[in-house]
Number of protein chains: 2
Amino acid sequence: MTEEEILAFFRKKSKPVHREVICGIGDDCAVISRGSFWELLTTDTMVENVHFDFAYFDPYFVGRKLAAVNLSDIAAMGGEPAYALLNLSVPGISERELPLFWEGITTKLANYGAEVIGGDVTRNPERWHLTLTLIGHAPSGGVIFRQGARPGDLIFVSRPLGASAGALELWQQGFEPPESLKRAHLDPEPEIRLGKVLAQENLASAMMDISDGLLLDLARLCRANSLGAEIEAEKIPVHEALNEVSLSQEPIFYALSGGEDFALLFTVPPEKERFLRLKLGSQRLFQIGYIIEEQIIYLIKNGQKEKVSPSGFDHFA
Amino acid sequence: MTEEEILAFFRKKSKPVHREVICGIGDDCAVISRGSFWELLTTDTMVENVHFDFAYFDPYFVGRKLAAVNLSDIAAMGGEPAYALLNLSVPGISERELPLFWEGITTKLANYGAEVIGGDVTRNPERWHLTLTLIGHAPSGGVIFRQGARPGDLIFVSRPLGASAGALELWQQGFEPPESLKRAHLDPEPEIRLGKVLAQENLASAMMDISDGLLLDLARLCRANSLGAEIEAEKIPVHEALNEVSLSQEPIFYALSGGEDFALLFTVPPEKERFLRLKLGSQRLFQIGYIIEEQIIYLIKNGQKEKVSPSGFDHFA
């Protein structure tokens, strides 16, 4: 089965019976109503040589990134992170590696007010296998789901894309990427602050983070809404450092289909755009297109409008 | 580093700063005060050919057991399980395996009122690698920790021990274990009901579940209290089916050092013993000894009192 088929199985089979479960499988976080607040729960796994390679990571940055990918899921709902559980599963770990890894996780979590409060240690014979589960919260009703977009809503991404995938390709081809690409891959910043503003001011109608590539994640957002999208190639913010390096594809390829950007992808009703710009002041945002009724994604490029099939990262493809 | 060294590192390094964290790393669950109730969080990983073998498991029972080991951690605090997150990490999974695995997890969780509401799917190239995170709750103040025992407190286990380890050895030697041993290994019952009674009636002073063998887990309980224990070999409840099969060691060895019993191990102040028996009515409980001041574990066997060094399962030993 492909990753999408497995996820579809879980979405279909899981029908929460607890009435306080606001949102189960299928969004960036599960959401539970706790009366005075909503609790957010997310979990993400990173596997050595599947998600990261010690050829260009050290244990410190593995820890930072594990924290970041989970923090990004809390950001994608507009929540505030708080507590984490760590599952460390390794063939063995040295007295040099463990403190570095721990320092990486805990400093990154602490930047956003979160900390590790539990976990489990086991052995995975061949490779590091790491899971972090992150628990956050938001005011009751104050989160943005994937579902909620309407035709005509403007589609935004929160920052330039493609840097992480560009760095990865350079390393894999034996080159040292420029600093800004390296940082995007090793130590991405989750958009916690922006997510909270969008949720608390009720500015976005739908939101998720971009972890598997813009096109694939946009397709997921559209599917959650039974809608489509029209986006313009010229409006896609391509990370500028991609123009300075030698890659196998055009820079926009990495922005459209590269993974692990951890930018936010969100939709805004057109009447709220002015208020959005006002609220976010100097923060640059990138409007790349808008939501349409037809359940197709169109890319406008050089004046031509073409259907695109989303491609991005599938673990089992 | 050994598993105990890694765990000791985490215990030492983790000092929760959020005031509402009642209990962090070092107990069966992390505990967060949510005002009107306490939230319990636990997570456990099972790795193919480390924790289970498809030679005698099928995906259904892998799912059941993954649920059980996590449910047992909630039982060990006296809590009520509610929500779970599943991290499924496999080389690939077939259309036959996934529904069986899902059915196993969800039926076992549902027996105790819990359900899967989120998770993550990734690839682990060599083997199944499964993590479940379970969220439960208890009335504020109504949980039993590992810490809380006092010298003179009676030590109890909740049921006969050694069956799971006995089954495993038989399989590994090519024999089919009797049904009761098989069930203990494949589909252990977490002591949710007993845990809740002990916590809600405030009967136990300290409690944990036995996952890595009675002696090793008793040593952990003693260490958490800076105390020791004296236990009697004749009082250790050895699973009766161990007497009917041919094993490499005496049956009591499996009861003392076998893993994965998922019985509760708890201490009771002597003045509460009558009330305990009254409250639990027909449920058999096994008093195996008592807590002592000296930080040593003594085993009394054939009238001889000897120090024992705990041995049990260490993933990295």
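Contact here means heavy atoms within 4.5 Å. The model shown in these views is predicted.

**View 1. Helices α4 and α5 of chain B in contact.** Residues Ala163(B), Ser164(B), Ala167(B), Leu168(B), Leu170(B) and Trp171(B) of α4(B) meet Leu181(B), Lys182(B), Ala184(B), His185(B) and Leu186(B) of α5(B). By class, eight nonpolar, two polar and one charged residues make up this contact of α4(B) with α5(B). The axes of α4 (residues 163–172) and α5 (residues 179–186) of chain B come within 7 Å and cross at roughly 105°. The crossing makes α4(B) roughly perpendicular to α5(B), because angles of 65 to 115 degrees count as roughly perpendicular.

**View 2. The seven-stranded open sheet of chain B.** The strand order in chain B is β8-β10-β7-β11-β9-β12-β13, and the pairing is mixed. At the edges stand β8 (206–209) and β13 (304–307) of chain B, each with a single partner strand, so one side of each has no neighbour in the sheet. On average, neighbouring strands of this sheet are turned by 25° against each other, direction ignored.

**View 3. Helix α6 on the sheet of chain B.** Helix α6 (residues 192–200) of chain B lies across β8 and β10 (264–268) of chain B. With respect to β10(B), the helix runs at about 20°. Of these two strands, β8 of chain B stands at an edge of the sheet.

**View 4. Pairing of β9 with β12 in chain B.** Strand β9 (residues 228–232) and strand β12 (residues 297–301) of chain B run parallel and are joined by four bridges. Opposite Glu230(B) stands Tyr298(B) in β12(B). In the strand order of the sheet, β9 is placed between β11 and β12 in chain B.

**View 5. Strand β9 of chain A and its two partners.** Four of the five residues of β9 (residues 228–232) of chain A are buried, which leaves the strand mostly covered. With β11 (residues 286–292) of chain A, β9(A) pairs in the antiparallel sense over four bridges. Gly228(A) stands opposite Ile292(A) in β11(A). The pairing of β9(A) with β12 (residues 297–301) of chain A is parallel and has four bridges. There, Ala229(A) has Ile297(A) of β12(A) as its bridge partner.

**View 6. The two chains and their interface.** A turn of 180° with a shift of 0.0 Å along the axis lays chain B on chain A with an RMSD of 0.0 Å. This is the relation of a two-fold axis. Of the interface residues of chain B, 100% are also interface residues in chain A, so the copies meet through the same surface.

Notes:
Residues numbered from 1 in each chain as written. Chains lettered and ligands numbered in written order. Predicted model: local features only at pLDDT ≥ 70, side-chain atom pairs only at ≥ 80, totals over all residues. Heavy atoms only, no water. Least-squares fit on C-alpha atoms with pLDDT ≥ 70 in both. Axes fitted to C-alpha atoms, helices over the stretch in contact; angles between N-to-C directions. Parallel < 35°, antiparallel > 145°, perpendicular 65-115°, else oblique. Nonpolar A, V, L, I, M, F, W, Y, C, P; charged D, E, K, R; others polar. Pairing = 2+ DSSP bridges. Buried < 20%, exposed > 50% of the residue type's maximum accessible area, 1.4 Å probe, protein only.
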